[in-house]
Amino acid sequence: MAAHSAILGRTRESAWTQTDDRPTLRLVTCGSVDDGKSTLVGRLLFDSKMLLDDQLDALAADSKVAGTAGPALDFALLVDGLQAEREQGITIDVAYRFFATRRRRFVVADTPGHVQYTRNMATGASHAELAVVLVDARKGVVSQTRRHSHILALLGVRHVLVAVNKMDLVGFDADRFTAISVAFRTMAEQLGIADVQCIPVVACDGDNVFGNSGRMPWYDGPSVMEHLEAVDVSDGIESRPFRFPVQWVNRPNPEFRGFSGRVAGGTVHCGDPVVVQPSGRRSRISGIVTADGRLQQAVSGQSVTLLLADEVDASRGDVLTSGTPPMVTDHIAAHLIWFDDEAMRRGRRYVLKSGTSSIGAVVSTMKHRVCIETMAKESALTLEANEIGCVEVVLDRPLVCDAYRDNRDLGSFILIDPFSRRTVAAGLVDAPLRRPANVSWHTLDVDKSMRARLKQQKPCVLWLTGLSGAGKSTIANLVDRRLCELGRHTMLLDGDNLRHGINRDLGFTSEARVENIRRVTEIAALLVDAGLITLVSLISPFRADRDMARRRFDDGEFIEIHVATPLSTCEARDPKGLYKRARAGELSNFTGIDQPYEVPEKPDITIDGGALSAEAAAELIVRHLREHHYL
Amino acid sequence: MNGPSHSSAGGASAFRPAAARTHPSALSHLRRLEAESIAILREVAAEFRKPVMLYSIGKDSSVLLHLAMKAFHPAKPPFPLLHIDTTWKFREMIAFRDRRVRELGLELLVHVNPEGLSQEISPFVHGSALYTDVMKTQALRQALEMHGFDAAIGGARRDEEKSRAKERIFSHRSVTHRWDPKNQRPELWNLYNTLLVPGESMRVFPLSNWTELDVWDYIQLEAIPIVPLYFASLRPVVERDGALIMVDDDRMPLQPGETPQWRSIRFRTLGCYPLTGATPSTASDLAAIVREMAASRTSERQGRVIDRDSAASMERKKVEGYF
């Protein structure tokens, strides 16, 4: 300990009383189970004299009860905060620790090494500038080390300190340390991690943690703390293009309209021209407002309220920008790190949150999964918890974003399950897949195919025809529900229901019947134009009427479904008591009784309504849609 | 850099310790913390239907309130303050509370658990565990449910305590206000999942990344008013179970042989007077407080009687819905 104090030349008092502006280094610790991450963090806290008497007393008491270090202090207990973890002797969540030396302040995210907790590791890494990777000297670089390094590279952590721990258990063997260093550097190079520093340590005894170790005279590099105090992690975000996601429109009175937010890149000055995205409107910064008065400039990381010279419309989710324009796109290529126990479902709707925007989103294409250990691309249909993959995401409306490598805040997103509200994945934007460049979305001509592409489906009309009581509405309803569950956009037009509204004025004469079908056809055509899969449930007994409807649609858009249920079955069901009334002569022109039903000659689908259950019929229709690539 | 460091071991030329560099226009440490907290407060206002800010009158609450005033300037914070009054707070705290709210022109809601009040729950009679549950935890749940708040902003910091170190900034609570430490939502970058199933709620901690020293530095930098009990003064105290308890009113039953002593004391943390231990001190201004803290060998929560029940007492209380 004397050596440590001498090197530091400081006491606890100086660490506390210095109110100069020591910069903060945010780091994440990672490694395999039992590599000694918590022990190293505990040791750093202990050696930086950040522990107080009552905390040391508690540590001594805890070490006796739950410690795994025999009579010595178990430093891992300082950071393993949750009761369950202490009992199991493992870290199961991200813990944030704060300490300082005379050179720097540190925020440490201590993350678990378990395979199933990759999400916590990614969480810690998303806040880190530097990673401390623990490697057990006996085991070397193992699959967990590769997994963690890949996550670090993916999340853009460019500085890595490799603590080769438990050197005492390999007899302080210099060759062993060199071999592990070479193995790690080789991997890091492949991953594009630029800055790697390997240090041999014994975390529980403090060798090379604060000062050097008398037990490894062959090592002449820095100790862990010396490296942490000196490493330069500046990323130049202040000189990148200006980005300002609007969080909140501040409008206390009619005279003041400010846009509150936090600068997410670059620097902004009073008078700078800016572009509001995604609208593309241009204005100029006329004021930078804070509670401490007006500023001339604001830098990345600063929370301010900006005033614009013109009355341009901007609200939460919009981004004020200057310099290189961001992407404004509704179709992105991205990396996903899947978190949820429920696997990713292509075509399912999620909420994508990026910056201050929340937008409906669908994973349209699964390009490949990335093997975390070998970094090989593997073909896959989905992503399970803790898997990483490359996907395409289609959004309900354009997102303003940058590639993650250019701007972490504008290039990152999370996916939220709209029903459970759980965060199911983290994402990193790689590239836009369609680039409207500086053109505003609203100025583009939106056509049917564009709307359909946005919804990732081929719009069509499913026209269910058949006798009253054949089961059309029941089947249509089931198909509708099934498609909704699959995240599809649908609408159901039921003949009976339409007669309560738009067709209220129509009776049951043959003219009225033709007009009824014409109106339903026109409504269905509008809905198909809107990109929807439209279900029509209508007796429509005459071939000519159905052909008229078919002609209203493009080839392949009209799917005729004959619900062929025998008249006797329909009459036996008689759900609305209509057959009874028709037989009694109370209703005229009733299909099947005193009006013929013309059976379709070449229906796209025929359903044997006498034999098939409604559920099976619905499944049959959904399968048809899949096989013919409507879904 | 004297002593038996590696520099004497030869070959050290590869490594020269140097002060870490920062970009000339990078934000200072306190300004970065301030900016992060302001962004979090604005996120709450933008994303929740009916947020509220818990106001406990302590130094962290004072900082939080100050940040809320900054976050929405020139507008007022778009949420009310809520004080869970146990009826056992120091009298000076209540006076300070009412004065601050009046000065700032803010809406303050005060809630006391009516059942606790009618049963005259007292820390002296019923013990700290039951008292805390009834007058704090249950009272807080009542108030949140009564007003239908879906987000409650609090001043807790990760450096306070081990289970706090693992808590999220946006900390999800079930319909029954429970915290599930094993099933917390991951928080990456500055992205917060604020979506709730009806009946669920969120506790939000904008000061998560502040340390105790940051709080004092910031109070000094910004000249934020705090309750005078933080500064040393002559006050009447008795010593009980190793803690100095201030006799704040005549509800405190004195044990045989106990006579209040007038001593120069101050408080590092403020709560209910029967449960808050004082520190002998002569630090009567901020500079003296920071100096005293530097020399201190105990942590701030050491003065809190309720935290000492067991190593995991805070975690258990938090699971049950305590802030």
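The accessible surface of chain B comes to about 12,500 Å² in this predicted model. Carbon and sulfur atoms supply 53% of that surface. Chain B has 323 residues, and 61% of them count as buried. Its secondary structure consists of nine helices and ten strands. Among contacts in chain B with a separation of 6 or more, 73% join residues 24 or more positions apart.

Aromatic pairs number 20 over all chains. One of them, W248(A) with F72(B), is edge-to-face, at 5.5 Å centre to centre and 75° between the planes. This pair crosses between chains. W248(A) belongs to strand β7 (residues 243-253) of chain A. F72(B) lies in the loop between α2 (59-71) and β2 (81-84) of chain B. Both W248(A) and F72(B) are buried. F72(B) also pairs edge-to-face with F79(B), with centres 5.7 Å apart and planes at 85°. F79(B) is likewise buried.

Within chain B, ring pairs join W88(B), F90(B), F124(B), F267(B) and Y273(B) in a cluster. R251(B) lies over the face of W88(B), 3.8 Å from the ring centre. Elsewhere, the charged end of K50(B) sits over the ring of F149(B), at 5.3 Å from its centre.

In chain A, R262(A) is placed in strand β8 (residues 256-262). R262(A) is buried, because its relative accessible area is 16%, under the 20% cut-off. Beyond its sequence neighbours within four places, R262(A) contacts residues of both chains, including F244(A), Q302(A), R32(B), E36(B) and N190(B). G301(A) is also among these contacts. A polar side-chain atom of R262(A) lies 2.8 Å from the backbone oxygen of G301(A).

Notes: Residues numbered from 1 in each chain as written. Chains lettered and ligands numbered in written order. Predicted model: local features only at pLDDT ≥ 70, side-chain atom pairs only at ≥ 80, totals over all residues. Heavy atoms only, no water. Helix = DSSP H or I, 4+ residues; strand = E, 2+ residues; numbered from the N terminus. Buried < 20%, exposed > 50% of the residue type's maximum accessible area, 1.4 Å probe, protein only. Contact = heavy atoms within 4.5 Å. Polar contact = N/O pair within 3.5 Å; in protein donor to acceptor, adjacent residues only side chain to side chain. Areas by Shrake-Rupley, 256 points an atom, 1.4 Å probe, with all protein chains shown as cover. Phe/Tyr/Trp six-rings, centres within 6.5 Å; stacked < 30°, edge-to-face > 60°. Lys NZ or Arg CZ within 6 Å of the ring centre and 35° of its normal.
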